[in-house]
Amino acid sequence: MKLTSTALALAFAATVAVSGAHAQIMINGAGATFPQPVYQKWGETAKSASGIQLNYQGIGSGAGQTQIINRTVDFGASDAPVDAKRLTDNKLVQFPTVMGAVVPIVNLPGIKEDELKLSGDILADIYLGKITKWNDPKIAEINKGLKLPNQGISPVYRADGSGTTFVWTSYLSAISPEWKQKIGANTSVQWPTGSGAPGNPGVAGAVKNVRGGIGYVENAYATQAKLTTVQLRDRDGQFVKPTMEAFTAAASAADWANAQNYAVSLIDLPGPATWPIVSATFILVPENPTDATKTEAVLKFFDWAYKSGGDVARSLEYIPLPGKVADNVRNTWKSKIMVNGQPVWK
């Protein structure tokens, strides 16, 4: 009987040990759809390595900001950087994760991938409702030799508050004085023309289903859905294809040293073969978390991503942060995220 009891005790202990080994902590995040593909892949990859399970909902940057302000998630995600006053007022810390490109996508009969050339001023005029046909003289002028259809243009935009929209409208504002004056740059704007769709997937799907459609999405969505992308004229006047080399050229020119709260601009930067619409994407966490364990798990997850998620990011055509920037982010965690005067990140 004693042997049986001992055996049972050992079996119970072994069960507890195994359960503990497989115990995981769940972190909940919500926000930007721009980085959703890489966050989901990081979540799948890091699950066994870190013991952290990620539940991420791509609901748009605006909604992600609202949810973390209301403390209904463990972290919010936004492509549009939050201004310093709003961060302070809501006791939030902001840090970047990866960089990615926004690309125009089109649905035109007979037009192949990256065959059509466009410019920022033409894109602005399309979304202002001033250019309405694909064979408009302004488009034809930079596409000599390309047979453009006499097809109406159907612009598609994000219907939700969106960091991708912030990046897109920031680009249009940088190129077009009229756009800057009349519409401006924001996560949600008053569109003069076109129709809205929710999220990057919604815009991708709408353009794919509408002949003559044009929209803007994070590059990963265009790649995954095999959508027709275009060449864009960069600041140096060259027409550039949306490639990792062109995205990386923009990322390399980022002025991280002078970016408050890491809100660096990667829009229309100079340099040969530089894609003009690149952005960092950001995470928002409380600087005074009520659940230190969850916040620590969020930081551990993104620390893992900085150290081990680079190949995954590149496979989805995102650009990992430079190592020095990641080190600075860890220092920010240590100095700003506190519980009872003690840093959550040690």
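This short talk walks through some salt bridges and one buried glutamine in the structure shown above.

Before I start, please keep in mind that this is a predicted model, in which local features need pLDDT of at least 70 and side-chain atom pairs count only at pLDDT 80 or more, while totals for chains, interfaces and linings use all residues. Residues are numbered from 1 along each chain as its sequence is written, and side-chain values use heavy atoms, with hydrogens and water left out.

Let me begin with the salt bridges, where a salt bridge means a side-chain nitrogen of Lys or Arg within 4 Å of a carboxyl oxygen of Asp or Glu. Searching the whole structure gives 14 of them, and I will take you through three examples.

In the first example, Glu44 pairs with Lys41, and their closest N and O atoms are 3.6 Å apart. These two residues sit 3 residues apart in helix H2 (residues 36–50), so about one helical turn separates them; helices here are DSSP runs of H or I with at least four residues, strands are runs of E with at least two, and both are numbered from the N terminus. Glu44 is exposed at 55% relative accessibility, whereas Lys41 is partly exposed at 39%, where buried means under 20% relative accessible area, exposed means over 50%, and partly exposed lies in between, using a 1.4 Å probe and protein chains only.

What does the next pair, Asp125 and Lys138, tie together? The closest N and O atoms of this salt bridge are 3.2 Å apart, and because Asp125 lies in helix H5 (residues 120–127) and Lys138 in helix H6 (residues 137–141), the pair ties together parts that are 13 residues apart in sequence. Asp125 is buried, with a relative accessible area of 8%, while Lys138 is partly exposed at 43%. Both belong to a network of salt bridges that also links Lys130, Glu178 and Lys182.

The third example is Arg330 with Asp303, whose closest N and O atoms are 2.5 Å apart. This pair links distant parts of the chain, with Arg330 in helix H14 (residues 323–336) and Asp303 in helix H12 (residues 292–308), 27 residues apart, and both residues are buried.

Finally, let us turn to Gln231, which is found in strand S10 (residues 231–233) and is buried at 11% relative accessible area. A polar atom of the Gln231 side chain lies 3.0 Å from the backbone oxygen of Asp114. Leaving aside residues up to four places away in sequence, Gln231 touches several residues, including Leu116, Phe239 and Val240, where contact means heavy atoms within 4.5 Å.

How values were computed. Polar contact = N/O pair within 3.5 Å; in protein donor to acceptor, adjacent residues only side chain to side chain.
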